[in-house]
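Subject: Structure handover

Hello,

Here is the structure we talked about. Please load it first; my notes follow below.

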Amino acid sequence: MSSAAIDLQGVACTFVSKDAPGQRYTAVEGVDLQVQAGEFVSVVGPTGCGKSTLLNVAAGLLEPSKGSARIFGEPLTGINTRAGYMFQSESLMPWRTGIQNVMAGLQFRGVPERQAREQADDWLRRVGLGGFGDRYPHQMSGGMRKRTSLAQTLVLDPDIILMDEPFSALDIQTRQLMENEVLQLWAEKKKAVLFITHDLDEAIAMSDRVVVMSAGPASRPIGDFAIDIPRPRDVAEVKTTPRFLELHAAIWAVLRDEVLKGYQQQLRKVA
Ligand SMILES: Nc1ncnc2c1ncn2[C@@H]1O[C@H](COP(=O)(O)OP(=O)(O)OP(=O)(O)O)[C@@H](O)[C@H]1O
């Protein structure tokens, strides 16, 4: 039996179609995807191919219509309690300060207030926000809110981190800083990461493996590339190396047609 951190076998997800409510739409089908403990895996693919759907399956937020999800060898039933999440959208509670946001998950788990505050304070410092814990989300920049979200996720010390385009709303400089910081924090603790992104450069720069999904319907992985660029990496610097460019060309050769198919489908939906 596989003891991968995440092991999706033969996963299919069928929804009632958003465009035609009487019909059903199979977003993903026949998906086998594993993330080993300590491995950083990115999933790329055309818009609407089912990347977030797979993440939701791994999170236990969505039960697959077919197939199975196992977490460290155990069948996943209900919410994946070994995982922490970071989504594209804001996850901070606007009525709580930064530190109160970071503490919330610990308090929910029954950690006493003082201990929770100490751990939250420590994580705020590690993400570069020491001394800013008393700010409310509306008093923070987009980058500070992301850092706070990162602290909120990591303070719970999850074995698996699920990230769905966490930095897409950030400007390019802040984004590169955050990507490097995530890599540094990941290198310290080596959690399993499943990272969803539209951005092939980001996927290659961050990951051990990049999985390419086909265009929908019934998307499935059609490419699986080991990223053999040495670590530690600086996400901006690696993009100029010959190996990065080779990998980029090889992956883009697979991804390009799917992106075009995905784009055509979007146009048909709009027409
Ligand atoms: N709850 C749902 N009900 C109906 N259709 C859904 C539901 N969730 C997802 N879908 C459809 O399944 C497909 C895959 O969606 P998903 O959000 O997983 O794609 P994605 O690859 O993450 O997209 P993007 O790259 O644009 O973020 C889309 O066509 C979407 O409309």
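The shell around the ligand divides into five nonpolar, eight polar and two charged residues. Keep in mind that this is a predicted model.

Ligand site. The ligand is surrounded by 15 residues. The closest are F15, A27, K51, S52 and T53. Three elements give two or more residues each to this shell: β1 (6-16), β2 (24-35) and α1 (51-59). The largest share comes from α1, with three residues.

Domains. The domain assignment splits the protein into domain 1 (6-82 + 159-270) and domain 2 (90-157). Their centres, taken over C-alpha atoms, are 26 Å apart. Domain 1 puts 10 residues into the contact, and domain 2 puts in eight. On the domain 1 side, helix α5 (residues 172-189) gives the most, with five residues. By class, that side of domain 1 has eight nonpolar residues, one polar and one charged.

M140. This residue sits in the loop between α3 (113-126) and α4 (142-154). Is M140 buried or exposed? Neither label fits: M140 is partly exposed, because 18 other C-beta atoms lie within 10 Å, and a buried residue would need 20 or more. Leaving aside neighbours within four places in sequence, M140 is in contact with G98, R135, R145 and T148. G98 is 42 residues away from M140 along the chain. The C-alpha atoms of M140 and G98 are separated by 9.0 Å.

Best regards

Technical notes. Residues are numbered from 1 along each chain as its sequence is written. This is a predicted model: local features need pLDDT of at least 70, side-chain atom pairs count only at pLDDT 80 or more; totals for chains, interfaces and linings use all residues. A residue is near a molecule or strand if its C-beta atom, placed from the backbone, lies within 6 Å of it. Helices (H or I, at least four residues) and strands (E, at least two) are DSSP runs, numbered from the N terminus. Ala, Val, Leu, Ile, Met, Phe, Trp, Tyr, Cys and Pro count as nonpolar, Asp, Glu, Lys and Arg as charged, and the others, Gly among them, as polar. A residue is buried if 20 or more other C-beta atoms lie within 10 Å of its own, exposed if 12 or fewer, and partly exposed in between; C-beta atoms are placed from the backbone. Two residues are in contact if their C-beta atoms, placed from the backbone, lie within 7 Å. Domain bounds come from an automatic or database domain assignment.
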